[in-house]
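Please look over the structure below. Some questions and answers about it follow.

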Amino acid sequence: MSGTAVEKALPVDIGAVTKFAEDGISEDFTDRDFFVIRHQGCLFAASTVCPHMENTLSRDPEDPTRITCSGHGSVFDGEGVVMVGPASTGLTRLGITVNKDGHAIVDPNKQFTQDKWTDKGCYIEVE
Ligand code: FES
């Protein structure tokens, strides 16, 4: 065998979908490199890697409804849309599904850039 094996990230069970009862940005899984965001009837996982130059993002300590980048100051709203550059595109979303137990499962191997945000597989509809 030759070549280098590409290490795949394991899917992450983030718990019951009902746990995410209110809109907001959760940092509970930033150690796995994603935020969990509930926004206007959708639950999704967004990468903590900035789409500008890959610095690590965090929730804005002064406004927890927003995400900021320490690299060059980009700001993203509660949907992951750019409010302030230099980033020119929104946050990358990850694959997410619901299992038979009603838990949301995030698959970091599936990535959706902003032009793919309407694709099934990168969000869960919630009530
Ligand atoms: S790396 Fe995030 S703004 Fe540049």
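Q: In which strand does Phe76 lie?
A: This is a predicted model, in which local features need pLDDT of at least 70, side-chain atom pairs count only at pLDDT 80 or more, and totals for chains, interfaces and linings use all residues. Residues are numbered from 1 along each chain as its sequence is written, and side-chain values use heavy atoms, with hydrogens and water left out. A strand is a DSSP run of E of at least two residues, numbered from the N terminus. Phe76 belongs to strand β7.

Q: Is Phe76 buried or exposed?
A: Relative accessible area decides this: under 20% is buried, over 50% is exposed, and partly exposed lies in between (1.4 Å probe, protein chains only). The relative accessible area of Phe76 is 0%, so Phe76 is buried.

Q: Which residues is Phe76 in contact with, leaving aside its neighbours within four places in sequence?
A: A contact means heavy atoms within 4.5 Å. With that cut-off, and without the neighbours within four places, the residues in contact with Phe76 are Cys50, Pro51, Leu57, Arg66, Ile67, Val81, Val82, Met83, Ala87, Thr89, Gly90 and Leu91.

Q: Which strands stand at the edges of the open sheet that includes β7?
A: Two strands pair if DSSP finds at least two bridges between them. Four strands form this sheet, with antiparallel pairing and the order β5-β6-β7-β8. Each strand at an edge has a single partner, so one side of it is left without a neighbour in the sheet; these strands are β5 (57–60) and β8 (82–84).

Q: Which residue in β8 is the bridge partner of Val75?
A: β7 covers residues 75–76 and runs antiparallel to β8, with two bridges joining them. In β8, the partner of Val75 is Val84.

Q: Which residue in β10 stands opposite Ala16?
A: Strand β1 (residues 12–16) runs antiparallel to strand β10 (residues 103–112), and four bridges join them. Opposite Ala16 in β10 stands His103.

Q: What is the phi of Gly102, in the turn between β9 and β10?
A: Strand β9 (residues 93–98) is joined to β10 by six bridges and runs antiparallel to it. Among the facing residues, Leu94 stands opposite Gln111 in β10. The two strands form a hairpin with four residues between them, and in its turn Gly102 has a positive phi of about 80°.

Q: How far apart in space are Phe76 and Gly102, C-alpha to C-alpha?
A: In sequence, Phe76 and Gly102 are 26 residues apart. In space, C-alpha to C-alpha, their separation is 29 Å.

Q: What is the volume of the largest pocket?
A: On a 1 Å grid over the protein atoms alone, a pocket is an open set of points where a 1.4 Å probe fits, with protein on both sides within 12 Å along at least five of seven lines. Grid points are joined across faces, edges and corners, and the volume is the space filled by probe spheres set on the points. For the largest pocket, this space is about 180 Å³.

Q: How many residues lining the largest pocket are charged?
A: Lining residues have an atom within 4 Å of a point; here they are Ala9, Leu10, Asp31, Arg32, Asp33, Phe34, Ser47, Val49, Leu94, Pro108 and Gln111. Asp, Glu, Lys and Arg count as charged, Ala, Val, Leu, Ile, Met, Phe, Trp, Tyr, Cys and Pro as nonpolar, and the others, Gly among them, as polar. The lining divides into six nonpolar residues and two polar ones, while the charged number three.

Q: To which residue's backbone nitrogen does the side chain of Ser47 reach?
A: Ser47 lies in strand β4 (residues 42–47) and is buried because its relative accessible area is 10%. Its contacts beyond four places in sequence include Asp33, Phe34 and Leu94. At 2.9 Å, the Ser47 side chain reaches the backbone nitrogen of Val49.

Q: Is Phe29 buried or exposed?
A: Phe29 sits in the loop between β2 (24–26) and β3 (34–39). Outside four places in sequence, Phe29 touches Val12, Asp13, Ile14, Phe34 and Val36. With a relative accessible area of 14%, Phe29 is buried.

Q: What is the phi of Asp33?
A: Asp33 is in the loop between β2 and β3 and is partly exposed, with a relative accessible area of 46%. Its phi is positive, in a residue other than glycine, and is near 75°.

Q: Which residue does a cis peptide bond join to Gly85?
A: The omega of this bond is about 20°. The partner lies in the loop between β8 and β9; the residue joined to Gly85 is Pro86.

Definitions and conventions: A polar contact is a pair of N or O atoms within 3.5 Å; within protein, one must be able to donate a hydrogen and the other to accept it, and residues adjacent in sequence count only if both atoms are side-chain atoms.
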